Every structure is written in structure tokens, then in C-alpha cells.
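Got your viewer open? Let's take a walk through this one, one selection at a time.

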Amino acid sequence: MSAGLLFLVLAILAVAGYLSGRWRAAAGGDTRALHSRTTYHGLAVALAALLAGIVTFVLLNLLATVAPEIGSRFVAIASIALALAAFVAVWARITPAFRARNLVETIVLGLLLLAATVAIFTTAAIVLSLVFSTARFFGQYSWSEFFFGTVWSPAFQGVSRLGMLPLLWGTLYVSAIALAVAVPIGLFTAIFLTQYASPRFRRAAKPAIEILAGIPTIVYGLFALVTVGPILRDWFAQPTGLGSSSASVMTAGLVMGIMLIPFVSSLSDDIITAVPRAMREGSLGLGATQSETIRRVIIPAALPGIVGAVLLAASRAIGETMIVVLGAGAAAQLSLNPFEAMTTITVKIVSQLTGDTDFNSPETLVAFALGITLFVLTLGMNVLALYIVRRYREQYE
Amino acid sequence: MTDATFVPAALDPERRAALTRRRYAAEKRFRLYGVGAIGVSIAALVLLLVSVLGGGLPAFTQTFVRAQIYLDPAVLDPSGTRDPDGIRKVLTFAYAPLIKRSLETATAELQPTVPGITPALLAGMVSDGAPAQLRNYVIANPDSIGETVEFEFLANGRIDQYVKGNITRESSAGDARLDPAQLDAADRLLEAGVMELRFNPAFITNPDASENRPEAAGLGVALIGSAYMMLIVLVLSLPIGVAASIYLEEFAAKSWLTDVIEVNISNLAAVPSIVFGILGLAFFINFMNLPMSAPIVGGLVLTLMTLPTIIIATRAALKSVPPSIKEAALGVGASKMQAIFHHVLPLAMPGILTGTIIGLAQALGETAPLLLIGMVAFVKDFPAGLPDGLFDPATALPVQVYNFTQRADPAFVERASGAIIVLLVFLVAMNTVAIVLRQKLERTW
Amino acid sequence: MTLADQQLRYRPMDAVAPALAERPQAAEKVRARDVSVFYGEKQALFGVDLDIPRNKVTALIGPSGCCKSTFLRCINRMNDTIPTARVTGSIILDDVDIYSPAIDVVELRARVGMVFQKPNPFPKSIFENVAYGPRIHGMTRSKPELEQLVQGSLRRAGLWNEVKDRLHEPGTGLSGGQQQRLCIARAIATRPEVLLMDEPCSALDPIATAVIEELIDELRQNFTIVIVTHSMQQAARVSQQTAFFHLGKLIEHGETPDIFSNPREKQTEDYITGKIG
Amino acid sequence: MKTLSSTVAALALAASLPALAAAQSRGQIQIAGSSTVLPYASIAAEAFGENFDFPTPVVASGGSSAGLQQFCAGVGLDTVDIANASRPIRESEIETCAANGVKDIIEVRIGYDGIVFASKTDGPGFTAFTPAQWYQALAAEVVRDGALVPNRARTWAEVDPSLPAAPILAFVPGTKHGTREVFEEKVILQGCEDAGALAAIAALKGGDEDAATDACVKLRTDGASVDIDGDYTETLARIQSDPNGIGVFGLAFYENNTNVLKVATMSGVTPSTGTIASGEYPVSRPLFFYLKKAHIGEVPGLKEFAEFFVSDAVAGPDGPLAAYGLVSDPELAATQARLANEETLDPAS
């Protein structure tokens, strides 16, 4: 019996449960005497049958991965049998006093909780999908070399050196430049739009800027490569003698900064708008100028939210791939010069995973170790962001 | 400290005037920063849009060539029986000489003649897809064998680029794939009206084409793939996201579990998209054995990516509904669940929808995770209808853009920009809907 | 009497009309002439003429939606912050039309302070809340001076004894009544000439209200006060002058006892006796 | 309660998706692997779809490594049928394959990919190179006065006076590319040997040939040699923004862009499908696809497609693959015969 058919049976069972539950509840005649409305009786039967079936199916399938003797036929029959049992059990209990609504609400609450835990399952799945390959990588390559090595040079022939530090440095450097561009511009954009601009200008400008957020990063990458890179090289790097490469940390950082502007500005916009009007009027009523009000009252009040927005933008910068691929070059090196080519963790994840190297070799598996590093990095930043936001909130609420 | 004659310095009118001047200067500066910031953002937007539009609009037109083709029975039906199976056995390779021969006749008629043009060069001016077009026609109309039929073929990508003015005689000098004589012939054919440049809806509706045929490549499969994925994202992430938000916002007690969920959600919003790609590959494809290149996998991965966005927006929307409304419902004897589902949720709906649309728009433009689950693929056949089509191979719009930029023939650059335009149209449309919704339904309490 | 208290009594020269202090001061601090307010196309306030006497409390009363607050907000041009609002007519503060183009809104608001309906302390410490105005206006030269001023303002607002040990805790941590007094302290720290109060007690319990009312009565010595109130009892208790608004029009105004004991207009009488409102 | 009901319905749907998937069967051939082989495979797939009643095969690209990994994941309709690779399958990969039940693998060589050195048409006059020149320009360390010293050459003329006096700026494939391996082996290592450096370094390292080889193929990291992790379009864009640059391209890519690129000879031989097929031009690599024998007969059209791919009409010198830039394999007939007999790789080899 195919699983599709099984689910069809379960669905039919649920519909039947709903209708018959309602009918049985209404059969007493006076529906006003019921504790719960008839719909709830129907839903109780339907939900009980559906859930019993699905839970049995999932559990038995999980069991089947360790005990292969459980066949799919057995799983299907057991699921339907349990669904039927639940159906009958609930249906039989339907009386005017049956607290069907409470039962339905308990089940629904359970479902809501389940939906909320999807986030946890996703995280677990991410960790699981990274951790085995990472373990294989560290079986072939020393962990201390990976975390503290300062040379990144995978090789087809001879010995690869897979030190993560140059990549981490490149990641942080590019992100720092991107934030240095995006945060002031984004913040001032948000301030201007919320505090100074006429409603008409705001209505036109805000969506226009938000379009920047919708442009695929590949477009930004080409923009970096074709336009920004050569301009920076010809106007800044070469005259100052800092470098002659059009692909540089500065190129990628600037373009990524442009990409992040709407990100910072939308978030800050919402946060600034959320600052109570009373706060603003209180300051203006004291004779503060607009800018004094913004600098001394609105920004401090909105600060936790803005910090959160900036950290979110930072995670975004750290995780960005396409712009760096095209804008920053692929050279893994530790350098302070922003006009030199560098590379980031994400770029190397993609390139090592989509490359032509042996898929069992450390050169390919290193991508998973890099992935987990990146994951831990963004996790750390988010915990920090949450901590900051909560601390401030407690202080001012 | 009872000195009544003490006058604070601030009250000295001159100092005060100076201070006021300074304050106004600061105000002006501050405002200028704002104007500057907006200017930079908008300038960047305009620059980007101009480069995309300039490069991509020509992709919506295409050059076509009309030709009279003699469907030679000796080649197409060697057995002479008009047996459909026999006709099918003749491969496209046999059709190419027919086109070559017909074009040769056509050029001979062109007055004045084009010097240096050879049949091979002429045949090179039509798309590589022309033989297949011819073969499909013959299979559909076996009776036409032996007749001369007029066909309209796509012109070869190089010729098309020349007609559009993207390449000139100077810039194509030295191009091994384009002979000056072909350009002369193209000029002549344009004059004669045999060749023309016109709007090409096939760019939207056709599937992708191989690297030899940039002129035939379209976005059809990518559009359907993207649509399927968005459908999955919508169907899954909206209910799950709303359910999770309701739990967290209305029911969750402050506990370690709630904390863990909160941290997880905000973390997932920031996890690099490439990591979701690894997840999709390891979990959905390798563990759950879902097919590669299928919209279902892309949809699931994007759902997981979109969930945090929707949850965050939904929670904000739920929060903005004043507690007094819930209390009013509770006050007339509704259960908490009823109060939320009957009153709070409908009031929060505009905010939830806005968040959902923005989440969908984000998912629509996402490329990196799809690279790892086989969506960067050459897919020629359209996926089936729903729900089976969810498991058929397809690509997605942003991936198609990436795919086009990877190809050797420069004619694909134009198609990449064209695809970006289509993508942007969708994104702008979705964002507009979100904005209109927000403005129409926005409520202040 | 502390220095701060003296400072609070002292009024600076008017920057626009520096010779004003030497002239005999008129009995009216503020004179409104034919003031109308439009929100977009809609007219909200219709040709109001009203004189507000110096160092007295003027109460603006009337049913909700009668635009008392709108009129109040005209006096320090807070309506400027609403993009669609437009004000016509003139409001003369001492000798200066505050709607003339030469007027600096920022200075005006320093001279005409405002206390709002809901307490709105800034998300800063109590001290910083009060010090905010003096700081932005550059009123003090040194830290001790500022501290003096903050202390004086808090004293005048009757809050000093309650908060002197926790000046550096957030102002948002105070009770509603304390918050409102903090906002009053904040407003008087810039030593305004006129203090506008927009239903300052509507969010407070009766005890806190009584404290504020007492405070208003004291502040009257130094400030010209205009208060919008919903409560006729409150108007009767704290004000010397009362103006009655109805549907965007000023119906009548005069000495508070007169208005309450024998109103000239029917509408006023109806309102006072509770027939409308 | 409507919202609630639809929520429940959606959850049920979510739970049933994997089940639906299991019920699916597949009509089309699935191919994954090298992005270098992708263009050829897609041309072949397109032509196959046009000429046969089978669906057009789906060609995914994600690199040889990812393709082979998918290929080796197991046997069955939820795995790919064909993996494209720009290098031969490795021993360890065959082992992983075998461990997952993929035992009978048919190896098919479709032809060769020529690797050429090209620069901007109006750039410096890079017209002729030898491997030794490339080695001396790009090696991280060179032998000078009996010691290994960092390479300090700034211009090509410093390497060899016959070359233009343009700064050294080479865009070479990143270490993820199979092309890089060929480049290292057939240009840099060859150059190292030609220049006599291999022997000199080996002598310096006490006769350790492997260490000498490692030292030879180590490229400069001071910006003279730039790794490109993207594809050739990126190399081209780099060259267009840096006119002094010279890039390493696939022959097919160069042939599609002859109007902006000019190619240099290597050891006096001009790269072309002819010179590469004859072996005169030294830098090329074979391209492969791997086929699961177990899937023949299970996936409709699989063998037909494989045979069509390497048929004379497609992969021969006059076929569409060659027109695109594939160097046709002179031994194509042998490949066709092996495929017809379904000869598999010997797991022991």
C-alpha cells in the first residue's frame, strides 16, 4: 500500500470523523445543552483520528530505519488501525457534557507548539547535516591546523594547507567595510524618511530603496566586477600605490554595503517609527531642534532595536556569497590593505563543494567544517544581539 | 548661594544667539546627511536599474528569418512509404542540409549578390534549432514531404546581436563564429524583408536551450519552477509560521524551551543561505530521498529560510493588536484560543500578509542554496501539472540568471539581464502588493 | 530660597524684542487673534480670539473633540509637527507674533513649555530627563550649575524628596504621577514663560491629581499657565480664567467663578450642567 | 475556526509530502557533475530530446566532485544515472561507490578540453609562450644562485626578453577546478622541468622528488597570479577590466569569444581542435561521463542517450559538440564499442 493512499484514507477518515462527530453531537436535539458547539465535536474526532494516524506513521517509519523487518504494509495498516481506534474512542465519548472544545484546543495548542519547534528541528537538521562530514574532515586533517593555520592553499598535488584564519579575516574585513557603509547610510536614510521627509516623498522613496533589497545578489556581484572594481582601482588604489587589483576587499565591501542599505534602513525605519510620538513631542515641546530630538531622544530609545538590526545586517554580510565571489577575488590571505584581493568563508564553501576535487578528500570535506564554523559564528552573534536587546529592554520598560 | 545678581552666562543674548546659530547649523548638517544618504541609496538603485534595463530589454526581441524549404522525399522518407516510424528514424542531422540547400537558392536570387557568402556561412545564420523545428513539422505533417513550405526560423545568436546593434562590424572583427559576409547578407536580408527583428514572447515561454542556441533560450521552465516553489513556500510557511507565532506570542510561558526557540528563530534568520543549501542536500535529498532538481526540495529549503521572516513579522503584527481586544473577547466568555483565532488573528492579518509577501519575495530571489540541490541544471521539458510537477525537474529564475551568466556565448549576457528584468518585475509586483496592503490596512490603535 | 528657585523666577530677555523688559508689561501674556486650524481640507478650529493673562491659570474646557488641545498646541506651534496641519490668524506672545516668519520655533518652545496628556519621560535617567532642556539650550556653564538647576526644578515640581536618592535610575521606572511631575520638572527646567498643560491629570489617580493641582497653583507665581482639562471641577479648582470651546469654536471666556456661576451662553450652561459633553 | 482547520490541513500536507515523493517514478535521465562537461551534455541532451521519444535528460551542474558524490550515493531511481567529470574517477570514489552498492560503472570518454592562454585583443602582444616562461613568471619560489628565493619578476620581459614588458598578471583557475590540475601538471611542472629547476630543487631538497614537485607547482600569492574560483566568464571580465592580464581558458570558451580574446601559442603550437586531437598542443584534458550499468533498462532511454552522446553525428569532428569547442576523441570508435558492450570499470584497477 503506497503512502499516498494511506494519507488519502486518513484524510477520508478525518472528514468522516468531522461529519459524524457533528451529527452525533447534534443528535440529542437541543444543541444549546451541549458544553461545546457541534463543530468542536466534529473537529475533535477528526483531529484525533488524523493525529493518531500520522504519529503512528512517523514513529513506525523511524523505527523501521533501525528495524528493517517492519514493512511498509505493516506501517500502513497499523497507522490506519490506530487512527480508527482514536476515531471510535472520541466518537463514543460524545455526550452533551463532553468537553470537545477543550480537547480540540489542547490538540491545537500541541500543534502550535509543534510549529514553534520547527525552528529547533531545522537547526538540528543543519547541525546534523554538517557534523558527520566535519568529523570525517577532522579525521583526515588536524583541527588545530584548521582553526589556527594562517595559510590556505588546497592543492591537487602535494600537501594542502587548509588554515581557516585567512578566510575568517577576509570575512570579517569585508563585513566590517560593508557595515561601515551600510550602517550610517541606512540609518540616516531611515532618519530622513521618518523624521524629515514629506509623506509623499516617503511613500515614493521608501519602496524604491526597498527594491535594492530585492535585487538578487548575483546582480550586485556583476556590478562590483564590472563597475565598482575598475573605478576603485583607477581612482584610488593605483594613484595611492596601494594595489593594482580591481577585485578587492574594498570593492566587495562597498557593494555589499549598498546591498545592506535597505536592510538597515527598513529595520531602523520600523524601529524609529515605533518610538512613541509622545517622546518626540516631549522633546520638541522643550524647544529641542529636530536633530537634537533625533540624536538625544529617538536614537537612544530605538538603540536596542537598531543594534539588533545592525547585528542582523552583520550576519547577512558574513553569510553573503555571490558579491564576494565576483568582487573580492579568491585569494586567501591575511593582509591589512583593503585594496588587495581576499576571500571569505562562504566563497570557499561553494567553491570547495562545487569543485572537481575528490569528494572524499579533505579539500572537499573542509567545506563542511567551514560551514559549521560559519553557523557557530552567526549563532554567537545572534545570542549576543538577543542579549543586548533584552538588557536594554529591561532597563527601559 | 543666595546671590540674586548671579546671571547665568547662557542668558547673555549674544552667546545665546551664537548658540542658536550653532544649533541650527548642526540641524542643517544633520539634515544634509539624511539627504546625502538617500541620494546615495537612490543613485545606487538608478545605476543598477539602468545597467540591468539597458542590457536586458533587447532580450525581449529576436531576429527571425523566413525561408522556403523544399522537403526532399529522398532525404526525409527514404523508404517512400510515408510510414511515421520511418520518418521518425530520420534525425535532425539530415534536415540541416535541406536548410542549407534552400538558403543557397534564396541567396542566389538576392540582387545584387553578396560577395564571399557560401552555403555553409548562410546556414550558419539560422539557429541550430532550425532542423528540429523542421523535423517536428514533418512528423506532424507527413503529407507535406515533397512540397516546398515556408518556414520562419530564429536567426543565429550572433546575427541577432548584430541586428540589435550589440555587436558591430568593428567589434566582431576576428570573431571566428561570424564572417563579414554573413553581416553583408544579413543587411541584404533585412532590406528584402526576409529577416526582421520583432517582439519575441518565446523568451518568456520557451524552455532553456543549450549553449549553441542562445537565441532559443527562454525562461518558461524557470518561471514554472519558481512558481511551484513559491506555492510550496506559501502553503507551508504561512500556516506553520502563523502557528508558531501564535504559540510564542500568546501561549508560551517564559521557559528554557521558549528561550531556545526564540534564539533558534532569530538565528535561522541569520544563517547564511548556503548552509540551508547544505541542509537541503544532506537532509531532503540524501536522507529523505527526494528527487534532485525538483521544486519540492527547493520549496522546502526556501520554506525553512522564509519561516523566520514570517514568524518575526507575524509576532510583530500580533503584538500590535492591543490586549484590550483579546480581553474584551475573554470578557464575554470566549476561550483564549477563540479570542485569538476570532479576534486577534484577523486583526493581525494585514501585518502577517505583508510579512509573508516580503518573505516570499526574498525566497524568490535566492540563489545560493539552490546551487547545491541540483537546481542549476539544464532542463528542457516542462514539469507536469500539480501536484506531480512538484517532483519533476525544474530550475528557478535566479538560478537561470546565474546559469546564463556562466555560459561562453556572449549572447547569453543579454538573456541574463532579460531574466533579471523578469525577476525584478515579479519582485516589484510583490513588494507593491505588500506596500499597498500595508497602507490600505494599516491601523493605528 | 535657593539659587535654582531664583533662576526659575528670572526671565531672559526676548531675543526678538530685547527692549521688551523695559516696557511696562501688559496684563495679557498671550493674545490669540482669529486663530483657525485646518487639517488638510478640514477646518478644525474657527477664528478663536482669546487673551491669556500673565501669571494666572487659564483653563480650556469643552467636550471631547472640541479642539481645545488643538488650540493649546498652537501656542507653542506644536501643530507644526503635523504635516497636514495649517494655522491662520495670529498669536501674540508679549509683543511678538509667534507665527511671523522671523520667529525661531526652537526658541519659542523654550519660552512656551509643554506638559502632555500622558507622562512621556525619555528613556533616560531622571537626572538626564530634567537636564535635557538646559543642555540643549546651553543654559548652564558648569556641571554644578546644571545640578543646581535640576535640583531646583525637581523641587519646584515637588518630586525632589522622592527621587533624590535615585537620580540616575530610568525615569520610566517611576509611578504615573511621579512621571508626570518629572515631565513638569523637565518643562520648567528650561524656565519657560508660559507652561501649556494638555490634560496633565487624565492618566492619573485622584491622589496624584491632587498633588499636581497643588503644584499648578504654586507654579502660577512664576509662570503663565494654560491647562486643557476635561474635568470642570479641576478647572474650577485650579484656574482663574476659563475658556469654553465647543465644536472648534470659542463659545465664551472669562473669570472662572463667573463662567461657572452664571455662564452667558446657553451651550456653556448646558455643558457645565452636564447636558452636553 | 476556518483558520484553524486550514492550519491543520497544511500540517497534514507537510507530513505527507515525503510519502507522496516515494510514490513518484521518474521518466527522464538524470545527470549531474562537472560544469565543464555541462555545455556538451546539454547540447547532447537537447539533440537527444529532439530526435527521440524519450524526455530530454536533465543535466545538473555542481562540479565533478558533487556529481560523483550523487552518483555514488547508491543505486535506484532516486539517484542520478550519469555523472559528468572533467577528470577520471578516483580510487577512493570507486570504493565509496562500491560501498553504497554502485558496483558496475561504465566510463565514457567524450573527448578533450583544450586549455588555452588568451589575453585581450588590444592588450600587450602575448603571442607565444613556453611552459618554462610560465613557470618562471608564476612560481612562488625560483632557484637563483643555488638557493630557492621568492620570485620577484614584475614583468614578462624580466622572465624572457622576447615577451612584452607588461606586468605579470595571470588569471588562473582556482584550486577547485580540474583545469588547475592540468595547468599545474602540463604547464608549470613541465616548465619547471624544462627550465631545469626541477632537478635543481630536487638537489637542494636532498633528492626528494616529491618535495621538488610540490615546490615547483606552488604559485605566487603576491597578486601576480590570481586564482579565479568562478568560471571563464569571470576570467574574461577580469581581463576586460585589467588589459594587462592573461587568462587560462577552455578552448570552447575562447572560440566563442574570439572577437575580444587573442590566443597565444604554447611551445609554438596554436591551439585548435586539430592540434589538440593530434597531440601537438600539449595542454588538454579528457572529459568523461560515468554511467550506472544497473540503471540501464530501468531508466528509459539511458543507453540510447549514452550511445547518442558519443555517436559520430554528435561527438564526431563535424558534430555539434565539436562545433562548440570539444576536441573530438580520435579513438571515439573504441569508446562506442566499449559502451555498446557495457564494459564496466574493473573495481580492482
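What percentage of the 349 residues in chain D is buried? Select chain D and find out: buried residues make up 60% of it. Keep in mind as you look around that this is a predicted model.

**Stop 1: the whole of chain D.** Keep chain D selected and switch to a cartoon view. You'll be looking at 16 helices and 13 strands. Turn the chain about: along its principal axes, the C-alpha trace spans about 80 × 60 × 45 Å. If you show contacts between residues with a separation of 6 or more, 74% of those in chain D join residues 24 or more positions apart.

**Stop 2: two colours for two domains.** Give residues 26–113 plus 285–340 of chain D one colour; that's domain 1. Give 114–284 another; that's domain 2. Notice how domain 1 is made of two stretches of the chain, with domain 2 taking up the numbers between them. The C-alpha centres of these two domains of chain D are 30 Å apart.

**Stop 3: where the domains meet.** Zoom in on the boundary between your two colours. Here 12 residues of domain 1 of chain D are in contact with 16 residues of domain 2 of chain D. Between them, the two domains bury about 1000 Å², with 52% of that on carbon and sulfur atoms. Now pick out Asp113(D), Arg285(D) and Val327(D): on the domain 1 side, these lose the most area to domain 2, together 53% of what that side buries.

**Stop 4: a salt bridge.** How many salt bridges does the rule find across this interface of chain D? Just 1. While you have side chains showing, select Glu181(D) and Arg90(D), which form a salt bridge with their closest N and O atoms 3.3 Å apart. The interface between the two domains of chain D also has 2 residue pairs in polar contact, both at pLDDT 80 or more.

Next, highlight strand E4 (105–120) and strand E13 (327–328) of chain D; these are the elements that give two or more residues to the domain 1 side of the interface. Colour that side by residue type and you'll get 6 nonpolar, 3 polar and 3 charged residues.

**Stop 5: zoom out to the other chains.** Bring everything back into view. There are 5 pairs of chains that touch, and the pair with the most contacts is A and B. Finish by selecting chains C and D together: no contact joins them, and their closest C-alpha atoms lie 38 Å apart.

Terms used
Residues numbered from 1 in each chain as written. Chains lettered and ligands numbered in written order. Predicted model: local features only at pLDDT ≥ 70, side-chain atom pairs only at ≥ 80, totals over all residues. Heavy atoms only, no water. Domains from an automatic or database assignment. Contact = heavy atoms within 4.5 Å. Buried area = accessible area lost by both parts, 1.4 Å probe. Salt bridge = Lys/Arg side-chain N within 4 Å of Asp/Glu carboxyl O. Polar contact = N/O pair within 3.5 Å; in protein donor to acceptor, adjacent residues only side chain to side chain. Helix = DSSP H or I, 4+ residues; strand = E, 2+ residues; numbered from the N terminus. Nonpolar A, V, L, I, M, F, W, Y, C, P; charged D, E, K, R; others polar. Buried < 20%, exposed > 50% of the residue type's maximum accessible area, 1.4 Å probe, protein only.
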